[in-house]
Every structure is written in C-alpha cells, then in structure tokens.
Amino acid sequence: MKHRSLFTKAVHAGEDRAENFGALSTPIYNASVFAFENADEAAAIHNHVKPGYYYGRLGNPTQETLEKAVADLEGADDALAFASGMAAISAAILTVAKSGDHIVALESMYSTTTSLLNHLAENFGLEVTYVDATDPENYRQAARPSTKLFWIETPSNPVLNVTDISAVCGIAKENGIVTCADNTFATPFNQNPLSLGADLVVHSATKYLGGHSDLTAGILAGDSSIVEEARMKTTRYFGGNIAPQVAWLVMRGIKTLALRMDKHNQNAYAVAHMLSDHPKVDAVFYPGFGDHPGHTYAVKQMRGFGGMVAFDVGGIEAGKRFINALELVSIATSLGGVESIIQHSASMTHASLSPEARKLAGISDGMMRFSVGVEDMEDILDDLRSALEAV
Ligand SMILES: *Cc1c(COP(=O)(O)O)cnc(C)c1O
C-alpha cells in the first residue's frame with residue numbers, strides 16, 4: 001500500500017465502504033447476536049474456521065473496524081478493543097503470564113497498573129519486580145528464567161519519565177521475553193513502540209484516542225498470536241468487551257487524532273517553556289527539554305513530545321491555591337481530552353498517602369500533572385500565568 005501521512009491515515013484508518021453501502025462513517029451495529037445460514041456455517045464460524053460474527057462479547061463489525069484502524073496506526077498485525085484501558089492491560093498481562101511467572105515493570109507508572117500487578121502478585125502467584133525504567137539495563141538485571149513480560153510505559157504517568165524502547169526490547173528478545181508498551185501518553189501520532197521492537201502495545205483509548213472526555217475504552221495491538229489468544233480466552237472468559245456505540249465514538253475521535261495531537265504537542269511545548277521561565281515554578285518535567293534525563297531517547301523514538309507537562313509549584317498549600325485560581329483549566333483527574341485538565345496529585349489522587357509514601361511514588365507535594373488541551377495557546381498561558389500570581 002502507498003505510504004501515507006498520519007494525518008491521512010487517521011481520517012481513513014479501518015474504513016470499508018464496500019461492506020457498508022459506501023457509508024463514510026462505519027455504522028453502529030447494535031447487535032448482540034448474529035444468525036447463520038445453516039448448521040455447517042454455524043459450526044464453521046463458531047470454530048473460527050470461517051470469519052464471521054456470532055455473539056457480541058466476541059466482536060461485531062463496528063468493533064472490528066476500530067480494531068483495524070488502531071492496528072493500522074500502530075503498524076500492528078492485529079488489535080482487540082475493550083471497555084477500558086485497564087481491561088486491555090489486564091488482558092495483556094493475563095494472556096502472557098500465568099501463576100509462577102515473573103514480570104518486570106516500572107517503579108513509576110500509571111498507579112492502577114501497579115495496583116493490578118500487586119493484586120496479581122498477592123492473590124494469583126505472579127511475581128513482579130519494579131525497576132527504574134529510565135535505565136534499560138535494570139530490566140536485564142531484574143530478568144529471571146521465569147520472566148515472561150517486560151512492561152514499559154513511556155512517557156510515564158504522571159512524571160513523564162522516558163524509557164529507551166528499543167534497548168529494553170533488545171534485552172527482551174535475547175531472553176525470549178515479551179514486551180508490552182503502554183502508549184497512552186504518546187499516542188501513535190508521536191510514537192510506535194511496535195516499530196521499535198515491542199510485541200504488544202496498549203492504550204487507554206479513554207484518553208487521546210477518544211480525545212473528548214466522553215467515554216472509557218482500551219486497545220491491545222500487536223503480535224496476532226497473543227492478541228487472538230486474548231480474544232479467545234481473556235475477553236471470552238472475563239468479558240470487558242467494548243460496546244459498539246463506544247467503539248464508534250473512539251473511531252470518531254481517531255479521525256481527528258492527528259489534528260489534535262499536533263495542537264497538543266505545540267501547546268504543551270509553549271506551556272513547558274513558559275513555566276520553566278516562571279519564578280513561581282520550581283521544576284518542569286517535559287521530555288522536549290534538552291536537560292530532561294530522557295530527552296535523547298525521546299528524540300530518537302518520538303515524533304513529538306506529547307501534550308502532557310508536569311511541574312512543581314512548591315508545596316501542598318501552594319498547589320491548592322494555584323488550582324483554585326485557574327479559570328479556563330479544569331481540575332480533574334483524567335487526561336488526553338480537547339479540554340485543558342490539571343491534577344494536583346498531593347491534594348487529589350495521592351492525598352491519603354503520607355508525604356514519605358508520595359515521595360517514593362515520585363510525587364512531590366507541589367506536583368501538577370497538566371494535560372494541555374487544544375484551546376488557544378495564549379488563552380491557556382494567560383490562565384496559568386494569572387493563577388501563578390496566587391501562589
Ligand atoms: C488512564 C490510563 C490507563 C487506564 O485506562 P482506563 O481507560 O482508565 O482504564 C492506563 N495507562 C495509562 C498511562 C493511563 O493514563
């Protein structure tokens with residue numbers, strides 16, 4: 001196929017007009033069950049000898065269009081859509097690893113992934129080692145004969161650490177270990193982990209792929225033997241399948257992914273620079289800065305630095321005063337929508353932890369996680385500047 005720009009791919013990925021009477025927008029198949037012509041066809045489709053649909057939990061044409069779209073954008077053989085990012089993440093882990101197996105994951109990453117791994121370790125006999133993922137050699141050091149999975153998340157949530165994807169995947173390949181990268185923050189617009197050697201990629205489509213803060217969804221893409229095993233086992237047994245209406249909404253979001261990401265990248269770049277020059281801001285974490293510890297890797301593996309910026313305004317009280325003074329930017333916990341959204345971890349998601357425990361998680365008391373929206377750049381900068389006056 002002709003090589004096309006991501007701006008073009010995002011608009012057309014997955015579309016199949018021949019199947020849909022020429023419709024430019026794939027219809028929503030509100031169907032939980034599909035009838036067969038006869039007994040032989042029923043047997044063939046049920047046994048996956050012939051392609052087709054038979055029951056909603058195992059897929060439908062709207063879901064499949066979304067899966068093809070994300071597979072196209074990520075350069076994957078295959079993809080599977082879920083009702084949330086965590087459903088995709090748990091399916092990846094439960095498909096690759098079983099009781100007694102070992103996983104190496106990041107010390108600092110999306111906190112519910114950490115909680116899931118801890119839960120699987122405490123209750124289901126999985127073994128997990130957490131490493132500082134900014135040095136790929138830590139994955140090699142932690143690997144054991146029983147290691148089945150290296151987990152990567154880059155840039156990481158919330159502190160924007162960067163992992164050298166191809167180095168970690170190289171170590172994994174030498175040792176027969178599967179690598180899965182959470183590409184939620186970067187999106188396929190900025191980074192394609194599969195092209196850097198990862199076997200699997202997961203997304204919380206709730207964030208940038210959906211892009212409008214109006215749904216929860218997840219995607220697992222990559223090696224088709226693993227993805228199809230996830231479809232036939234994890235999704236079949238645990239459920240977690242995406243609803244057709246939601247699959248359609250994610251596709252609607254993906255059509256403008258490139259446009260939105262381009263603007264998120266530009267706005268975040270401007271925000272990071274304004275903040276780093278501001279006297280009331282102690283530190284700014286943004287992989288686009290030359291002095292960010294992961295900048296060299298970011299330049300090597302990313303086409304843009306993404307829409308997320310973390311920064312420190314000095315302490316808990318300063319943090320509260322700052323978010324209370326914002327007018328345009330919303331105080332909320334998600335990210336990746338068109339709207340600018342800010343989270344003050346110490347007074348919100350991590351408020352129940354002691355200051356020491358927060359420090360261990362890499363979250364200082366004045367740390368903000370800012371999902372820079374696609375509003376006018378000057379309006380966003382103005383809102384931040386005037387709220388910083390209150391700090
Ligand atoms: C939000 C998020 C998830 C979880 O996705 P849900 O859609 O909320 O289940 C996983 N990884 C990262 C990096 C996230 O930001």
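Is Gln-301 buried or exposed? Select Gln-301 in helix 12, residues 295-301, and you will find that it counts as buried because its relative accessibility is 7%, where buried means under 20% relative accessible area, exposed over 50% and partly exposed in between, with a 1.4 Å probe and protein chains only.

Before going on, note that this is a predicted model, in which local features need pLDDT of at least 70 and side-chain atom pairs count only at pLDDT 80 or more, while totals for chains, interfaces and linings use all residues. Residues are numbered from 1 along each chain as its sequence is written, and side-chain values use heavy atoms, with hydrogens and water left out. Helices (H or I, at least four residues) and strands (E, at least two) are DSSP runs, numbered from the N terminus.

**Around Gln-301**

Stay with Gln-301 and show its side chain, which reaches the backbone oxygen of Thr-163 at 2.7 Å; this is a polar contact, a pair of N or O atoms within 3.5 Å, where within protein one must be able to donate a hydrogen and the other to accept it, and residues adjacent in sequence count only if both atoms are side-chain atoms. Leaving out residues up to four places away in sequence, Gln-301 touches several residues, including Thr-154, Asp-164, Asn-190 and Leu-196, contact meaning heavy atoms within 4.5 Å.

**The five-stranded sheet**

Next, select strands 8 to 12, which form an open sheet of five strands in the order 8-9-12-11-10, with mixed pairing; two strands pair if DSSP finds at least two bridges between them. At the edges are strand 8 (283-285) and strand 10 (330-331), each of which pairs on one side only. Strand 9 (residues 308-312) and strand 12 (residues 367-371) run antiparallel and are joined by five bridges, and Phe-311 has Met-368 of strand 12 as its bridge partner.

Now add helix 11 (residues 257-276), which packs on the sheet and touches strands 8, 9 and 12, its direction making about 15 degrees with that of strand 9; axes are lines fitted to C-alpha atoms, for helices over the stretch in contact, and angles run from 0 to 180 degrees between N-to-C directions. Within helix 11, pick out Asn-267, which is buried, with a relative accessible area of 0%. Its side chain reaches the backbone oxygen of Gly-373 at 3.0 Å, and a polar atom of the Asn-267 side chain also lies 2.9 Å from the backbone oxygen of Glu-375.

Helix 13 (residues 316-325) is the next stop, lying across strands 9, 10, 11 (341-344) and 12 and running at about 160 degrees to strand 11. Phe-322 is found in helix 13 and counts as buried at 0% relative accessibility. Beyond its neighbours up to four places away in sequence, Phe-322 touches, among others, Phe-311, Ile-342, Met-368 and Leu-388.

**Helices 3, 10 and 4**

Move to helix 3 (residues 61-74) and helix 10 (residues 244-255), which pack at an angle of about 35 degrees with their axes 8 Å apart. Among the residues making this contact are Leu-66 and Val-70 of helix 3, and Trp-248 and Met-251 of helix 10.

Finally, select helix 4 (residues 85-96), where 10 of the 12 residues are buried, including Gly-85, Ile-89 and Val-96. At its N-terminal end Ser-84 acts as a cap, with a side-chain oxygen 3.4 Å from the backbone nitrogen of Met-86.
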